[in-house]
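Let's take a look at how this chain holds itself together, from charged pairs to greasy interior. Pull up the viewer and follow along.

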Amino acid sequence: MRSFLSFISRFDDSTPIDNGDGQPINQQQLALLGQMRKNLGEILEPIHSDRFLARFLAAQNFNLDKGSEMLRKHLEWRKTVGADRSLDEITASVPETVRKYVPPPCFAGEDRDGYPVSFDFPGKLDADGICRACRVEEVSMFHGMVFMEHVYERLRQQSEKHNRLIDKFIVVQDMSGWSLRSMHKPLVNMVMETTHIRNANYPQILKKMVIINPPTIIGMCWSLIKPFLRERTRRKVSIVRGKPNEILAQLMAPSELPRMYDGNGQNPRLPPTEIPRDRYLAAQLPKDMVSVTVARGTSFEVTRALSRGDVVSWTFTSKNKDIGFGIHRQTPAGTIESVKTIERVAAHVLPQMGEITCNESGSYFFIFDNSHSILSSKTVSYSISVTTAPQGTDSKDHSGLEVCTCSPAESIPVCGDNANKVESIERAVGAIIGYLAIV
């Protein structure tokens with residue numbers, strides 16, 4: 001981002017600041033930018049121009065307090081995740097399986113005004129394999145932060161190529177092969193977490209989204225959510241039925257339009273259609289797993305005496321059926337507090353993984369709960385490891401829980417394989433909203 005902001009500063013005098021609706025900001029909005037800069041003066045750098053501030057203010061409809069808070073949180077977030085590292089470094093931080101088998105949209109050509117065009121093919125992805133091989137936080141950080149930092153670099157290159165400000169990009173969403181069966185709930189979670197990262201940190205960066213070859217349900221869901229979107233968002237989205245090549249030919253010159261859409265340009269890279277099973281999380285389980293049988297109507301506890309600052313990680317699976325899992329802690333007064341609420345999880349489908357940092361010393365109880373079952377006992381295999389805190393560790397107090405990350409499997413429904421119609425529509429709507437994250 002920093003190289004992009006540094007480069008486009010040369011256009012500050014020649015190109016008006018966009019107010020988010022495609023119009024130059026007015027005097028009142030300019031005054032709000034000045035007040036915003038005054039409010040955030042201690043954390044802003046010279047590289048943070050009014051144009052950069054305006055993205056966040058416009059995202060909050062020029063509400064000064066909300067825009068200022070949004071930018072403050074964004075700058076803090078960049079420090080936390082290390083977003084200002086080199087592109088090579090942040091890309092290398094993504095696990096190989098995620099980089100190779102869950103690629104973000106691929107840039108191929110530009111539109112007739114010089115804005116870069118990326119192509120996305122969600123129907124080509126191995127949706128089931130992604131859920132079995134990748135964690136939510138890994139995919140969402142790759143698509144939500146790493147990809148968007150690459151977008152900034154692409155915008156810098158386009159601005160340099162055309163010697164004018166190019167600060168937005170276009171997404172062509174080719175839905176060929178996509179169906180509701182692709183929208184496993186963990187995959188929806190990945191989309192939604194990506195949405196959260198992009199909405200909070202990369203506002204006002206999408207010029208246009210063109211959805212081609214959509215299944216009928218996408219059009220239905222778009223009709224449902226369209227009335228609730230801002231006008232500027234509605235203007236940016238086109239759903240194309242019939243002959244998408246003709247629409248894309250209007251968007252891109254023949255030399256830029258990919259050959260797969262009857263142009264002469266370079267085709268975008270298609271994602272792999274299958275993830276090898278040896279990349280599944282289930283193939284990477286710890287070797288020290290302990291197996292126990294949890295009788296019907298009962299629970300099984302693993303107790304660990306932990307100190308403040310200790311990091312505890314766990315992995316577990318169940319055989320054939322789901323199991324409840326949660327974590328409790330005994331306070332110095334002898335009372336029991338919930339650190340992680342007991343929830344039924346589909347550990348028979350995907351390994352469950354997570355981690356916490358203890359902010360209070362005491363006895364922690366890792367509970368495998370089968371009290372909901374009146375007929376079946378459950379076989380659980382688990383591994384719980386502890387990394388002892390260095391002496392002098394002073395963790396922040398978050399009521400005993402600082403970090404808790406879990407595998408995508410934790411959100412897989414345990415009610416069966418066939419989702420009801422309402423849930424199917426919710427997933428489709430969630431997918432569309434996710435793809436609109438950067439409008």
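Is glutamate 69 buried, partly exposed or exposed? With a relative accessibility of 35%, glutamate 69 counts as partly exposed. One caveat before going on: this is a predicted model.

## A pair within helix α4

Glutamate 69 has a charged partner: its side chain meets that of arginine 72 in a salt bridge, at 4.0 Å from N to O. Both residues sit in helix α4 (residues 64–81), and because they are three residues apart there, about one helical turn separates them. Arginine 72 is partly exposed too, at 24% relative accessibility.

The story doesn't stop at two residues. Glu42 joins in as well, so to speak, as Glu42, Glu69 and Arg72 are linked in a network of salt bridges.

## Charged pairs elsewhere

Searching the whole structure turns up 21 salt bridges. One of them runs between the side chains of arginine 232 and aspartate 21, with 3.6 Å from N to O. Arginine 232 belongs to helix α11 (residues 231–236), while aspartate 21 is in the loop between α1 (2–8) and α2 (27–39), so this pair ties together parts that lie 211 residues apart in sequence. The two ends sit in rather unlike surroundings: arginine 232 is buried, with a relative accessible area of 6%, whereas aspartate 21 is partly exposed at 37%.

Another pair to click on is aspartate 84 with arginine 78, whose side chains form a salt bridge at 2.8 Å, N to O. Here again the arginine is buried, as arginine 78 has a relative accessible area of 2%. Aspartate 84, on the other hand, is partly exposed at 40% relative accessibility.

## The nonpolar cores

Now for the greasy part. Which residues touch the most other members of the largest nonpolar core? That role goes to Leu71 and Phe169, in a core of 89 residues. Helix α8 (residues 136–162) supplies the largest share of this core, with ten residues.

Leucine 71 is a handy place to start browsing. Leaving out residues up to four places away in sequence, leucine 71 touches Met36, Leu40, Leu44, Phe52, Leu53 and Phe56.

There is also a second core, separate from the one above and made up of 21 residues. Among its members are Ile323, Ile327, Ile356 and Phe366.

Terms used:
Residues numbered from 1 in each chain as written. Predicted model: local features only at pLDDT ≥ 70, side-chain atom pairs only at ≥ 80, totals over all residues. Heavy atoms only, no water. Core = buried A, V, L, I, M, F, W, Y, C linked by side-chain atoms within 4.5 Å. Buried < 20%, exposed > 50% of the residue type's maximum accessible area, 1.4 Å probe, protein only. Helix = DSSP H or I, 4+ residues; strand = E, 2+ residues; numbered from the N terminus. Contact = heavy atoms within 4.5 Å.
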